[in-house]
Structures are given as structure tokens and as C-alpha cells.
Amino acid sequence: MQSAQYKRVLLKLSGEALAGEKGVGIDNTVVSNIAKSVKTLTERGIQVAIVVGGGNIFRGRSGEGMDRTTADHMGMLATVINSLAMRSALENIGVDTRVQTAIEMQAMAEVYIRLRAMRHLEKGRVVIFGAGTGNPYFSTDTAAALRAAEIDAEVILLAKKVDGVYDDDPITNPNAKKFDHLTYIDVLQKNLKVMDSTATSLCMDNNIPIRVFSLEDPENIIRVVDGEKIGTIVEGE
């Protein structure tokens with residue numbers, strides 16, 4: 001077994017990743033496989049926080065015919081649904097887990113409190129952050145960057161459907177070039193679709209590296225933490 005490269009990580013999962021081949025909703029098999037990889041990390045003493053998107057249920061910016069704030073609030077609720085599904089999958093295999101939300105909803109989750117979240121992590125619990133930042137006009141990418149900075153995470157593990165960052169969409173362009181290494185400035189100047197510009201800038205300001213990799217095999221989560229050269233790394237100069 002390799003020694004882990006990180007001790008505290010923030011795993012960013014897209015909502016679409018939880019949908020699997022269906023594209024919408026929640027694929028329980030996919031969620032269960034992700035949970036197994038997370039459990040492996042916690043058993044090795046690695047502290048894991050998670051931010052989940054909501055695009056498999058409702059994406060705020062796609063709310064046609066409604067104002068952006070209302071649409072974003074609906075998107076936040078979608079992330080809470082995904083967070084509860086992820087918690088259930090983890091607890092089903094014996095992983096002590098807490099969901100903390102940026103919007104108070106006491107019947108379902110704790111309200112986000114930074115020091116409490118860090119205490120949970122220190123005790124070996126997985127913490128899932130739901131409801132984004134609690135503010136409209138901010139993506140779950142930005143929520144991931146913000147929470148990573150707040151809890152002193154060493155890295156953001158950005159699990160996506162593709163196996164890294166490309167200069168074009170590799171699904172529609174077979175000649176798209178994959179990058180193994182990028183700087184934050186590269187991402188911003190080339191307008192590469194890693195995270196949105198707000199999230200990327202926040203990571204740059206706080207020197208938080210971003211590891212982008214494919215979730216097609218959930219064990220990639222473990223491989224990245226072990227330092228295997230898969231996907232794309234985004235960091236400073």
C-alpha cells in the first residue's frame with residue numbers, strides 16, 4: 001500500500017456523476033461505489049470532506065422562466081438531496097458521516113459551523129457540505145473552493161466524467177489535447193472549463209491545488225490521494 005500524499009482532502013462530486021448512465025436522478029450503485037472508495041480513505045486515517053453538485057436533479061442556471069435567485073435556491077435544495085443520499089450510502093457501510101448545510105434545516109442536517117466541521121474530521125467522520133455557499137449566483141465549485149479554504153484542506157479532488165482537463169470537449173472533438181499540468185493562470189487565461197473563474201481564483205489566492213480526474217472508476221479517488229499521475233493537476237507556478 002502506498003503512503004497517502006494528503007491527510008485532509010475535499011472531494012467535489014458533480015451531481016451528474018451520481019446519476020451514472022441514467023443522466024438524471026441518483027444511481028444507487030454509483031453512489032455506493034463512491035462510498036466504498038471514501039471508506040478506504042477514512043480507514044487509512046485520511047480526513048474527507050465532500051461537496052456535491054445538484055445538476056442531476058436541478059441546475060440553477062437552467063431555470064427558464066424564473067428569476068435567478070429562485071432557481072439557485074432550488075439548485076441548493078438539489079445538492080442537499082444528493083448530500084443525504086451520499087450520507088446514507090456511507091453510513092450503510094459503517095462510515096460515520098455528518099451533513100452540514102449552508103441553509104438551516106435542522107430536521108435533516110446540521111447547520112454549517114466551521115470549527116464543528118473540523119472537529120468531525122479530526123474524529124474520523126466524513127463531512128458533506130450541502131446547499132452550496134447558501135447564496136445565489138455562486139456555484140458548487142465556488143462552495144468547494146470556499147469550504148476547502150475554510151477547513152484547511154490540502155487539495156480539491158475534482159471528480160468528473162472526463163479523465164482530466166482538455167483544450168476542447170473530448171466527447172465531441174477526438175483531437176482535443178489533454179493537459180497533465182496547468183497553472184491557475186493558464187486555466188483563467190485559456191478559459192478552460194475546470195472550475196468557474198470565481199472558484200479558480202479562490203483556489204489560486206489560497207494556494208489550494210486541484211486534481212481533476214475521471215470518476216468512471218471510483219477507485220481513482222484512492223489513486224489520486226496516493227499520488228498516482230492520473231488526470232490533470234492545477235496549481236501555482
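**Strand β6 and the nonpolar cores**

Strand β1 (residues 8-13) runs parallel to β6, the two being joined by five bridges; strands here are DSSP runs of E with at least two residues, helices are runs of H or I with at least four, both numbered from the N terminus, and pairing requires at least two DSSP bridges. The model is a predicted one, in which local features need pLDDT of at least 70 and side-chain atom pairs pLDDT 80 or more, while totals for chains, interfaces and linings use all residues. Residues are numbered from 1 along each chain as its sequence is written, and side-chain values use heavy atoms, without hydrogens and water.

In the pairing of β1 with β6, L11 stands opposite L157. Strand β10 (residues 210-214) also pairs with β6, in the parallel sense and over five bridges, and here L157 faces R211. Because five of the six residues of β6 (residues 155-160) are buried, this strand is largely enclosed by the rest of the structure; buried means under 20% relative accessible area, exposed over 50%, and partly exposed in between (1.4 Å probe, protein chains only).

L11 and L157 recur in the largest nonpolar core, of 32 residues, where they, with L13, I50, M86 and L90, touch the most other members. Such a core is a set of buried Ala, Val, Leu, Ile, Met, Phe, Trp, Tyr and Cys residues joined through side-chain atoms within 4.5 Å. Elements supplying at least two residues each include β1, β6 and α3 (68-92), and α2 contributes the most, five. A second, separate core of 30 residues includes L10, F129, A145 and L192.
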